[in-house]
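Colleague: I have this model open in front of me and would love a close look at the cavity. Could you walk me through what lines it, and then show me the sheets in the model as well?

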Amino acid sequence: MPNCVVLPLTLLVLPLLLVLSAAPAGAQGEPQLPSLPNSAEISLKVERDGALSVVEAVSVPSEATMTRRIPLRTAAPHDRDRIIGIRDVVIEGAGNSELTEDEFTVKLRGGTSIVRYTVDGAVTGADGLVRVGWQVAGGWDARLELVRASFAAPSVPNAVTCYAGPEASRAHCGAAQIAHSGLTRFSQQNLAAGQRMEISVELPAGTVPANARLEPSKTFAGAFVLTAPVGWAWGGFALALVVGAVALALLRRRDKHPGAALPVRLLTGKDDQAAFSSPDGVLPGQVGTVLTGRADAVDLAATVVDLAVRNYLWVTEEPGELTGWLLVRRNPPDEQLTAFERAVFDVLLPDGRESVPLSELRSARVGIETVRDALDDSVVERRWYSRLPGRLTGIGLRVCCYGLFLTVLLALTVGYAQLGSIVVAAGAVLAVAARWLPARTGAGVRLHRRLLGVRDALLETTAAAVPKLEREVLLSRALPYALALGEQENWVAGFAGLKGPPKIYWCGREGAAEADVARASDFTAALVGTFATTRQGRRLEA
């Protein structure tokens, strides 16, 4: 043949031979058709986005059927389940498929069928490596004489592993190797019904993104697995705990160290006129609660003196007694008295009695406890104190109970039971923290400082500086507060030392309309001793 003819033929045939030699037995991405009945040829390819494309060519004997069931939720370590997603299912041949939330089922009839689908969740990432794992055969209800598979990825694998046989067995497949082209091939003969062939391919880091999806297992232990939502919830709880601890520390510091006394003047006006008004309308009996959080005998005694100063009681000495004192009803209780003061009045003169000896009160052991509820109500009503700490304790305990119920409910239903545990922890923290929460409010703290200012004013005011006509009223009006603040001795002594001391209009002997200052001081001492055999007054730290 002439060279002019051979050369063109060579140029035409050579590219065709090269293409045929480079092409696999099947089209690119397609498996070979199986040559034996009950056998499968499988092609696997990892896409750039981490999805696993699967093409299975399965030969089923005529007049027979083969069914494969692929679980989409499988057990993983640490009480978790691995979730697999399957999509884009196409069957070419005699067969059908069913896809549910927990299982993918393929049912094939006689002949050769091709099953195509895409798997999401087959790629895991750990220790800087990427691993692709999949059961190329498993869940078949018939014996497989031969299974061959090829695996392709964007990068050449670092290592491959293939196991065959019953679940969890570590028997290696018949063949598993990486070709020079980077294509990985696997094969296994004689897989009994229900046995599996499982591959694991290790790829260089960053080849494809990991898309493995883990969820808590549907067990009681799995319900307590730490998941991302639960982790965020714990983080929010921790943040709230820190903020609450800081707020509680600031409130306790404010309550323990309310600050310096606010200035109060008893001598006011153009000509230093004497005037006394209680800060924010606080009563003498409420002073102890505002200052220290508790009332004692001094506060009850201060209330009795205040009732006498306001002409509800008359104080006189019992006939024939040198030191005996008698409390006499002067005016009936009216709307000007608070519930607390009315309770004290009823303790002094119960059942409509007109008078009562002080000695009788001592024998009856009447104490501040009998009117404590009314006193507590009065300071709460004025918003100097709050019952919130006690209420929060009860709320916290109820929240704990609700959290326990929620924990059990979540553990038995949808999982995320740690959310219930967070509620339990929040309730317990609230119940405990409430015991440390100060009951005194911001208004109570400000009143505390003003009462300290009243105490300083009582110490700084000299009786001689008070206009003579106003000494009697100022002495008596401020006396109950001086008694409650622990300064009655200094207050009375200042007026008693005057050349012409004022009289006490609410106290006197039989036949005398008024008593002198010294006898008023004796009465307050006896009154405090009646309600408690402790100290006569309360000394305060600035």
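Modeller: Happy to! Let's start with the lining of the largest cavity, which is made by Ala 40, Ile 42, Glu 56, Val 58, Arg 68, Val 136, Ala 137 and Trp 140. Please keep in mind that this is a predicted model. Three elements each give two or more residues to that lining: strand E1 (39–46), strand E2 (52–71) and strand E9 (129–137). Of these, E2 provides the largest share, with 3 residues. Sorted by class, the lining has 6 nonpolar and 2 charged residues, and no polar ones.

How big is the space itself? The volume of the largest cavity is about 30 Å³. When the whole structure is searched for cavities of 30 Å³ or more, 1 is found. As for the idea behind such a search, rolling a probe the size of a water molecule over the atoms shows where empty space is left.

Strand E9 gives us a handy way from the cavity to a sheet. E9 contributes to the lining of the largest cavity, and E9 also belongs to an open sheet of 4 strands, in the order E8-E9-E14-E11, with antiparallel pairing. At the edges of this sheet are strand E8 (123–126) and strand E11 (159–165), each of which pairs on one side only. From one strand to the next, the twist averages 20°. If you follow the sheet to E11, you will find 7 bridges joining E11 to strand E14 (residues 196–203), and these two run antiparallel. To pick out one pair on your screen, look for Ala 164, whose bridge partner in E14 is Met 197.

Now for another sheet, further along the numbering. Here 4 strands form an open sheet in the order E20-E19-E18-E21, and the pairing is mixed. The edge strands in this case are strand E20 (355–357) and strand E21 (507–508), with pairing on one side only for each. Strand E18 (residues 313–317) and strand E19 (residues 325–329) run antiparallel and are joined by 5 bridges. A good pair to display there is Glu 317 with Trp 325, the residue of E19 that stands opposite. Helix H13 (residues 517–531) packs on this sheet and touches both E18 and E19, and the direction of H13 makes about 90° with that of E19.

Methods
Residues are numbered from 1 along each chain as its sequence is written. This is a predicted model: local features need pLDDT of at least 70, side-chain atom pairs count only at pLDDT 80 or more; totals for chains, interfaces and linings use all residues. Side-chain values use heavy atoms; hydrogens and water are left out. Two strands pair if DSSP finds at least two bridges between them. Contact means heavy atoms within 4.5 Å. Axes are lines fitted to C-alpha atoms, for helices over the stretch in contact, and angles run from 0 to 180 degrees between N-to-C directions. On a 1 Å grid over the protein atoms alone, a cavity is a set of points where a 1.4 Å probe fits but cannot get out, and a pocket is an open set with protein on both sides within 12 Å along at least five of seven lines; lining residues have an atom within 4 Å of a point. Grid points are joined across faces, edges and corners, and a volume is the space filled by probe spheres set on the points. Ala, Val, Leu, Ile, Met, Phe, Trp, Tyr, Cys and Pro count as nonpolar, Asp, Glu, Lys and Arg as charged, and the others, Gly among them, as polar.
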